[in-house]
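Me: I've got a model open and want to talk through its geometry. Could you take my questions one at a time?

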Amino acid sequence: MYRKAARTRRGSAGVAVAVVAAVLVVASVVAFLCLPNIRRGGDAAPTGGSGPSSLTRGGTPAPGDPVTARAKALVDGMTLEERVGQLVMAPLFAGDDPSVLEDAISGRHVGSVLVIGNWRGGVADVRRAVDTLQSYAPQGAGLIVATDQEGGQVQHLSGAGFDEMPSAVEQGRMDPARLRSSAAGWGGQLAQAGVNVDLAPVTDTVVGERSANDPIGALDRDFGLDAAGNASHAAAFVEGLRDAGVQASVKHYPGLGAVKGNTDFTAEGIVDTTTTADGAEISAFHTVIGQARPAMVMMSLATYQSIDAANPAAFSSTIIDGVLRGRQGFDGVVTSDSLSATAVSGTPTDQLGVRLVEAGGDLACIGQSGYVTPILDGLEAKAKADDAFAAKVARSAERVVRLKLRMGLMH
């Protein structure tokens with residue numbers, strides 16, 4: 001019908017059709033450029049834990065992201081105590097019965113657990129513990145279950161079903177593609193055990209003699225390369241874990257490679273005098289964040305003289321809100337290194353979580369059971385007394401819940 005009509009109206013009708021077509025083309029271009037919900041390829045926000053398609057550079061949510069909207073709605077419906085619970089990661093040590101965390105999870109609403117220590121019973125042993133922990137959580141609001149599974153001297157889970165992982169130095173000798181494949185295998189073992197986040201890879205670049213750097217180099221925790229090679233291997237590790245459905249946390253931002261002391265055990269020798277906000281060491285993290293989009297970034301407990309000489313990185317709004325979130329654009333979950341570490345022992349226990357959230361952090365990682373209740377109490381007390389801080393608690397809870405939605409832990 002259209003062809004026959006067109007042949008009988010070759011004059012002004014042809015011109016009119018051309019004009020209409022041109023208008024339609026212009027309108028569609030304008031709509032594509034101006035409407036935030038129209039995206040190339042029609043990509044939708046992921047519902048599981050492995051798909052990053054709703055993220056733009058650096059982990060920032062795409063405009064109109066429905067997962068972000070859902071996270072906000074869920075947090076809006078929470079009590080203050082429930083929001084605070086989402087900001088705490090409590091430890092479960094090897095040999096402890098999971099019931100030691102029942103009240104923390106069901107009574108205090110703790111939303112994340114760190115499986116820590118020398119678990120030698122294999123995948124089945126860890127899985128039994130994790131399933132019990134998940135049974136304490138509310139229906140439809142599962143737990144983030146994390147561990148430190150780096151390889152070499154830092155591998156908390158071993159036994160039947162877990163490979164003996166090579167050290168990061170050995171991993172650094174692999175081609176990145178091979179490392180990604182290996183990390184997918186290790187991640188698959190974690191997934192079988194019910195662990196959904198690996199607090200790895202270490203992305204620190206050691207400056208100077210490796211043996212003089214207690215937290216990283218002396219323990220073979222670095223990939224043993226320059227910052228650029230370090231970044232490529234860290235990105236491969238993150239992507240391999242994601243291939244297995246496990247999320248990653250790069251650490252220890254902005255880098256522990258230029259200090260002498262290990263922040264876990266000392267408050268001496270933990271001032272970094274060389275790392276800058278735009279140097280090669282911090283840029284390795286930024287490369288991994290931009291390319292591999294890890295779910296979490298773990299903050300160091302060292303102090304960085306050239307960036308913020310007054311605060312450890314985990315308590316520094318200059319570093320978290322200014323550099324990581326502001327300049328880099330990362331809006332994923334920011335977690336601390338263990339807040340029970342010696343490096344921050346001068347801060348009152350009930351203020352540790354407060355200082356993290358005030359600086360822009362989200363998830364207080366705790367390596368000693370006795371710290372859990374004081375940190376929860378401190379966060380609740382501060383939020384009740386300070387509306388601005390309560391708003392920060394809500395924002396941090398939204399980031400954690402958004403991650404859980406993407407991981408399929410919440411609905």
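Me: What volume does the second largest cavity have?

Reply: First, the ground rules: this is a predicted model, where local features need pLDDT of at least 70, side-chain atom pairs count only at pLDDT 80 or more, and totals for chains, interfaces and linings use all residues. Residues are numbered from 1 along each chain as its sequence is written, and side-chain values use heavy atoms, with hydrogens and water left out. On a 1 Å grid over the protein atoms alone, a cavity is a set of points where a 1.4 Å probe fits but cannot get out, while a pocket is an open set with protein on both sides within 12 Å along at least five of seven lines; lining residues have an atom within 4 Å of a point. Grid points are joined across faces, edges and corners, and the space filled by probe spheres set on them is the volume, which for the second largest cavity comes to about 50 Å³.

Me: And by class, what residues does the lining of that second largest cavity have?

Reply: Among the residues around it are Glu150, Arg221, Phe223 and Phe237. Ala, Val, Leu, Ile, Met, Phe, Trp, Tyr, Cys and Pro count as nonpolar, Asp, Glu, Lys and Arg as charged, and the others, Gly among them, as polar. The split is six nonpolar, one polar and two charged.

Me: Moving to the open spaces, which residues lie nearest the centre of the largest pocket?

Reply: That pocket holds about 640 Å³ of space, and its lining has twelve nonpolar, twelve polar and six charged residues. Strands β2 (112–116), β5 (154–155) and β7 (247–253) each supply at least two lining residues; strands (E, at least two residues) and helices (H or I, at least four) are DSSP runs numbered from the N terminus. Of the 30 lining residues, those nearest the centre are Ile116, Asp148, His156, Asp264 and Phe265.

Me: Where is His252, which has a cis peptide bond with Lys251?

Reply: The bond joining Lys251 and His252 has an omega of about 5°. Another cis bond, with omega about 0°, joins Tyr253 and Pro254, and Pro254 belongs to the loop between β7 and β8. His252 itself is in strand β7.

Me: Is His109 buried or partly exposed?

Reply: His109 is not a glycine, yet its phi is positive, near 70°. The residue sits in the loop between α5 (102–107) and β2 and is part of the lining of the second largest pocket. Buried means under 20% relative accessible area, exposed over 50%, and partly exposed in between (1.4 Å probe, protein chains only). At 25%, His109 is therefore partly exposed.

Me: Which strands stand at the edges of the open sheet β8-β10-β11?

Reply: The pairing in this three-stranded sheet is mixed, and two strands count as paired if DSSP finds at least two bridges between them. The edge strands each have a single partner, so one side of each lacks a neighbour in the sheet: they are β8 (271–272) and β11 (308–312).

Me: Where does pLDDT stay under 50?

Reply: pLDDT is the predictor's confidence in each residue, from 0 to 100, and the chain averages 88, with 85% of the residues scoring at least 70. Where it is low, the predicted coordinates should not be read in detail. The stretch you want is residues 1–58.

Terms used: Contact means heavy atoms within 4.5 Å.
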